Amino acid sequence: MRYLPKSPADREAMLKAIGARSVDDLFAPIPAEYRLSRDLKVPRQMAESEIVDWFRERSRENGDGYTTFLGAGAYYHYRPVIIDSLISRGEFLTAYTPYQAEISQGTLQSIFEFQSMICELTGMDVANASMYDGSTAAAEAVMMAVRLTGRRSAVIARSVHPEYREVLETYAHNQGLPLTVVPFGGDGGVDLKALEKSVSQQTACVLIQSPNFLGALEDVTAIADLAHRNGALLVVSIAEAVSLGIVEPPRAADIVAMEAQSFGVPLGFGGPYCGVIATREQYVRQMPGRLVGQTTDRSGKRGFVLTLATREQHIRREKATSNICTNQALVALMANIFMTIYGKIGLRELAKHNLAKSAYAAQQFSRHAKLTFPGHPRFNEFVIQTSEDPYAINSRLLGHKIVGGLPLKKFYPELGHASVWCCTELTTRTAIDTAVGLVAQSEGSVKSAHEEADVQEVAQ
Amino acid sequence: MKHATRKATRHVNQNEGLIFEKSSPGKSAWRLPPLDVPEVDASQLLGAAERKDLGNMPEVSEIEIIRHFTRLSTWNYAIDLGMYPLGSCTMKYNPRVNEVVSRLDGIANGHPYQPEKISQGAMRIIRTLSDCLIEITGMDAITLQPAAGAHGELTGLLLIRAYHQSTGNPRKKILIPDSAHGTNPATAATVGYAVENLKSDARGMVDITALAAQMNEDVAALMLTNPNTLGVFEQEIARIAEIVHSKGGLLYMDGANMNALVGKVRPGDFGVDVMHLNLHKTFSTPHGGGGPGSGPVAVKKMLEPFLPTPILITKPDGTLGFEYNRPQSVGRVRAFYGNFGMFVRALAYIMANGPDGLRQTTEDAVLNANYIRKGLEGTYELPYSTPSMHEVVFSDKLQARKGVKTMDLAKRLIDYGFHPYTTAFPLIVPGALMIEPTESESKEEMDLFIKAMRSIAEEVEEDPKLVLDAPHSTRVSRLDETAAARKPVLRWKPAAS
Amino acid sequence: MSYPTDFKYTKEHEWIKADGKSATIGITHHAQESLGDIVFVDLPKVGSEISSGKSFGSVESVKAVSDLYAPASGAVTEVNGELATAPEKINQDAHGAWMVKIALKDPGELNSLLSASDYEKFVAEETGH
């Protein structure tokens, strides 16, 4: 087998040195009744060309070449080519966790730069080296708030990504932590009156997302005030990292739980992505995940090390701030390089392009459908309501190799035939105009939607 | 140094600064195409929410970025350069075809919410990998949702809790051997279970008498690693499973050490009810400096109803789809479906091997560990004489007489061009040297490693200071971790003007 | 190392000095030696209750964390603020770098603790292994 660097002669010599007759001797500790005497039923050994062909077929069956208007927590942005050139270097790709600092300075310094840039963008004092993704980062941030305040309940906005809320429910349920869900108002943002009624002296934190799942920017200052007045912390989740180029970061937050996938990480059918937690200096010892710190070596040279490790599982074991061990290091490196490429000016320009594309699309759609939350500040996503079922609309769009906005019935049934659409710098005007045209078609002929047998097939 | 043989090692001495130190207004590495829609006035659209300034974010050119990260990379050790003898990490070759197939357009750019009609490719990958992993583990069902091993452990324990709750007694504790990886007790606590320590016997294996005494109806599960962190196979696994099952408990297996078992034995066959796998260990997905990983959890039939939502099903028309209506599910542990990019890589690895390759891989992994054990026996103390599978644990007892500890030996190993083995773990062996070569090491590489370790042992006798002050050949040496922890500096700040 | 005779000691290596109804608590020289460079101390707030034999905080070195066990019960009246910015004081002078002062609930609890000579013997036995 071509990955194995031993010849039959090598194996012979080694067995002789060990004093074993055959390699089966080495498996004697396994009770005989369990030892397999048959081949595993997995596909037969394939040549490299066969492997590539097999996956190429899968790629063709997976919508390659389609235009997408989907966002909802995973965003299609341009990935500058040098990201892959650099992360594909064996010294980054095949390196281990940087526990041995002397021979991991490449990894450690790049994480330090990542942490610094995340702080700069989010307005926080300290950021970690990554969490699994935005959903688990949000859940861990809430757990962190619980540890910090000693309070055992949390309030979450319904406009937070539904799957993020599901993950939080799973974590919270097992810690016996009650969660209160607060509705959004007619403008798409958190209902402040309802929020005021829900926050109490038992609330550890309020969790919001901004821009939220419906595309709306939340009033972070007002929500922070409300939380802090009650001694609760504010956790802000950010799913679309590119928004930080043009939208003020939530400086009043106590913890930011981010998803950095938009920064150069491929959509990849849902993962791997790049969660991050950033917070204020005084909370650093309750932060989960790895942290890289600057220090000097014995000759005074600057270097970097993993630090504050006593928070982590390998030392604290059952008292650790989290059980996280492996994180998303390589993906964080992609985000790091992306942030470096665009930088101070580029990230703002990139965000402006996103703003412009989606503003144009929203305006065009609003001539044929109802823009659900007009007038309220948004970034690159918006909700429309159509008279035709969005699943039927999307079925039609699919025929033109366009993937339409995400139907919201599954998550927010009260919004009826609503769907959330996203435009990024990669969405062309032609694509927008085509999509709008195809949606417009339906708005004049609602009847046909219900007669279409194909409606079911795009149900999600 | 006793022997002049030096392996390939890279520690470029050039001082590469932080990227912020190269930044200068007006430099850029980006360019956007012209806007094909009308420009917008951000202040009008966003009002007070508009951000005008991105502070100290850098401005550099493309070549500076290429040079910066290329230079940084040369300060790293990597599998591509040489062996990592790290125990239980399974640092094997990361095949490049894995990287190519994960970048095919439909796979790399598939949106997790795109309609099922155009997601059949991704779903088929998930189905095929799932089937392979079920077959490899001897279990009945699987979830690929957890993002890493620790996440898989969390999921596994949630499944255990849900199962017990459904029988009416949620139970209170988890038994964990004292040789276990730190994620095990950390995870149990996160899920709200009390952790009870299980002592190992004189052979380094589970103490059956202790287990029988501690196993009762308050214990939800035993979390076992097999082979354990000493690299030793629990020969009495049948008895262990029986004791746990007799009191209605479940047997959880930490699959970190699957590299000793694939194709030779299946955990499902020896009584395991639920286990996690580490795709970034056994299944060759790259470590990438600390992640991403992937921690699928495989289960026996009775736990299937509780698996995280959604599960993959075959619909009546033969196409694949996700099923969300799962009333007994523990819920979600992550948004979307898991680290899909790692599924692609792991599947490509399994296909490149086939059943014969997988078996040969396991045999070579165990052969390699035993070869190193034989080569270092007598030079380093072997605390347990029980046979090793894919990894071997020595101790620094002989060298400690001269005041040299395992961490010092490890640092000296760097001068010989190797990454250190795992130091100071497992906790049941004071001064441990935990070594796992994996099947990816040639006889030549291992002979160099054995020679290096023997040479270091000689140095300990003749010139201990050389070892205590190591490493001598790296760009930085013995970084001050105390200062880093007392006064943490966790981000760059511009010098005060 | 000779241990102050006006202190009492626990087997978990804490010391306590009684002064009428109040007492001062810290960790011993042996403790700081085994921990190595101390980087952080986690202490309770003024007003909180600590309970004899139970953990009341922790002390961290780079690679390890140790719980602090209360030698006696009482309410915390003072916390040594210096240790927040200079935990190394414990390494420099463990018997001078006090951690908390408490109002003793039951001064009798000290009777079951080790005297200086008993503690010295205990340490000698422990390190002899």
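Biologist: What makes G417(B) stand out just after α12(B)?

Modeller: G417(B) takes a positive phi of about 90° there. This is a predicted model, in which local features need pLDDT of at least 70, side-chain atom pairs count only at pLDDT 80 or more, and totals for chains, interfaces and linings use all residues. Residues are numbered from 1 along each chain as its sequence is written, while chains are lettered from A and ligands numbered from 1 in the order in which they are written.

Biologist: Why is helix α12 of chain B called largely enclosed?

Modeller: A residue is buried if 20 or more other C-beta atoms, placed from the backbone, lie within 10 Å of its own, exposed if 12 or fewer, and partly exposed in between. Nine of the 10 residues of α12 (residues 406-415) pass as buried, so the rest of the structure largely encloses this helix. Among them are T406(B), L409(B) and I414(B). Helices are DSSP runs of H or I with at least four residues, strands runs of E with at least two, numbered from the N terminus.

Biologist: How do you know that β8(B) and β9(B) pair?

Modeller: Pairing requires that DSSP finds at least two bridges between two strands. Four bridges join β8 (residues 311-314) to β9 (residues 320-323) of chain B, so the pair meets the definition. The two strands run antiparallel, and I313(B) has G321(B) as its bridge partner.

Biologist: What makes domain 1 and domain 2 of chain B touch?

Modeller: Contact means that C-beta atoms, placed from the backbone, lie within 7 Å. By that test, 19 residues of domain 1 are in contact with 16 residues of domain 2.

Note on methods: Contact = placed C-beta atoms within 7 Å.
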